[in-house]
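Biologist: I should like a close look at one part of this protein, namely its salt bridges. Please explain them in connected steps, in a form suited to a first-year student.

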Amino acid sequence: MLKYKQKPIVSYTEKEGSSNMDNLESVSNAGLNSLSGFSFQIKVFIYRLTMLTPGQQVEFETLDDVAVRSLPNADTVSDSCLKWSVNNNLAVEVFQVKQTNVTEKVGRQVLYNWLLAYNQRPEITKFILYIADDYKFSRAAFTNDPKIEYENIISSNQSANALVSRVKKIYTGNFEKFEKDYKLICGKYEIERLNNIDELIEKQLITTFHATGTDIYFDKRISELFTRVCARIMDYASNRRAYVCTQMEYMELCEEICNSISSTQYSPDYESFCQVFAQRDLTDKVKSSREYRQLCYCDLPSTEILEHLRWEQYYQNIRQHLLSDAKKDTISKTEKIAHRNHADVVYELKEDKKDSPRRRLTQTRRCPISTLHDEFSRWGAYIFLTADSVTNQISWKDEDEEVYE
């Protein structure tokens, strides 16, 4: 069963050489290492995208600065983000997502979000709460006496930024408005349980992504859709903007993915990959790697070292795909070409008495590799070969001998 989760990225200490290419278990468990409770949000958002018809759009909005800051790694994101669906006659649905038991307290947070949403968009026609299967839902917050719910809000003394405080600001001194809005929401809300969101998305995309039996490219295309949508949401959120995807944009995105991931080509979007999965910090583990040490010999600033390591991760992602697609010969050819290119560069630099780590790096990077489709994967292949215990290892500085400075 397909899981919409990026294949793990090979760790800096667990690379597989050509002698053990079959050992996919040696990769680290990086995966969606920065997405935590956010991944289920994206899955439901994509599920809604797959159901769009011409003239419709879906919007992912983060409601406050706290939500934006915690977007990649906090489970509480599900309490702070709203999704909207708008069709061409301007009918609006608002939906939230929960992958937890919706207790009375949690349900009340949903209610508060919907009250804020309704005051923002009074044209809302439906309020939907998606809940992962096997989780419970308490209707208490939606079946109470309006006066009791109103008093709960007005008597709150939480901080001004708290959800309840924002609702309190709207309704203080106006019980009639609260009662009207509360009854409207309670009369229009729906609970939809999602039994295996992965299967639901898969079924929706069978035709769009041209599924044929156990086609690994179908799985890869779905993973790429997840990555690209996730990257766009994160990019918009970082600029305090809602991400809006129309049906036309969604179809164009799917077409791009089909063209870039097929039996003849595997070119995941580099920028999206970096946004979602790439290394963001020079951790102690990274600094203990041979790749990092070799790049330090080149006198690069830390930002450039990090960028080089992202290229390596991108190549590792492509390399892993080739392994899963039984294309070991392509990996072997790629890394033999890279090794030969580096050897030729080193030979020429030494011949000219101009050998240095920085020159090795920059001149090797310019050398083409016919098996790779873009510069990022090519540059990443060269960095990958500076790792410990890889076949066809290369160096920017020979650590067992002197080089010309």
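Modeller: A residue is called buried when its relative accessible area is under 20%, exposed when that area is over 50%, and partly exposed in between. By this rule Lys350, at 30% relative accessibility, counts as partly exposed. The model under discussion is predicted, and the protein chain has an average pLDDT of 85, with 84% of the residues scoring at least 70.

Side chains of opposite charge can pair when their charged atoms come close. The structure holds 20 salt bridges. One of them joins the side chains of Lys350 and Asp398, with a distance of 3.7 Å from N to O. Lys350 belongs to helix α14 (residues 328-351), while Asp398 is found in the segment after α16 (375-384); the pair thus links distant parts of the chain, 48 residues apart. Unlike the partly exposed Lys350, Asp398 is buried, because its relative accessible area is 16%.

Asp398 also takes part in a salt bridge with Arg360, and here the N to O distance is 2.7 Å. Arg360 lies in helix α15 and Asp398 in the segment after α16, so this pair ties together parts that are 38 residues apart in sequence. Both Asp398 and Arg360 are buried. Helix α15 (residues 357-365) is also where confidence in the protein chain is highest, at a mean of 98.

A further salt bridge is formed by Glu190 and Lys126, whose closest N and O atoms are 3.8 Å apart. Since Glu190 lies in strand β5 (residues 189-194) and Lys126 in strand β4 (residues 124-132), the pair ties together parts that are 64 residues apart in sequence. Glu190 is partly exposed, because its relative accessibility is 36%. Lys126 is likewise partly exposed, with a relative accessible area of 25%. These two residues belong to a network in which salt bridges that share partners join Arg48, Glu93, Lys126 and Glu190.

A note of caution concerns the parts with low confidence. The lowest mean in the protein chain, 43, is found in helix α2 (residues 65-70). Over residues 64-70 the pLDDT stays under 50, and the model has eleven contacts for them beyond four places in sequence. Residues 1-34 also have a pLDDT below 50, although this stretch has 91 contacts in the model beyond near neighbours in sequence.

How values were computed. Residues numbered from 1 in each chain as written. Predicted model: local features only at pLDDT ≥ 70, side-chain atom pairs only at ≥ 80, totals over all residues. Heavy atoms only, no water. pLDDT = per-residue confidence, 0-100. Helix = DSSP H or I, 4+ residues; strand = E, 2+ residues; numbered from the N terminus. Contact = heavy atoms within 4.5 Å. Salt bridge = Lys/Arg side-chain N within 4 Å of Asp/Glu carboxyl O. Buried < 20%, exposed > 50% of the residue type's maximum accessible area, 1.4 Å probe, protein only.
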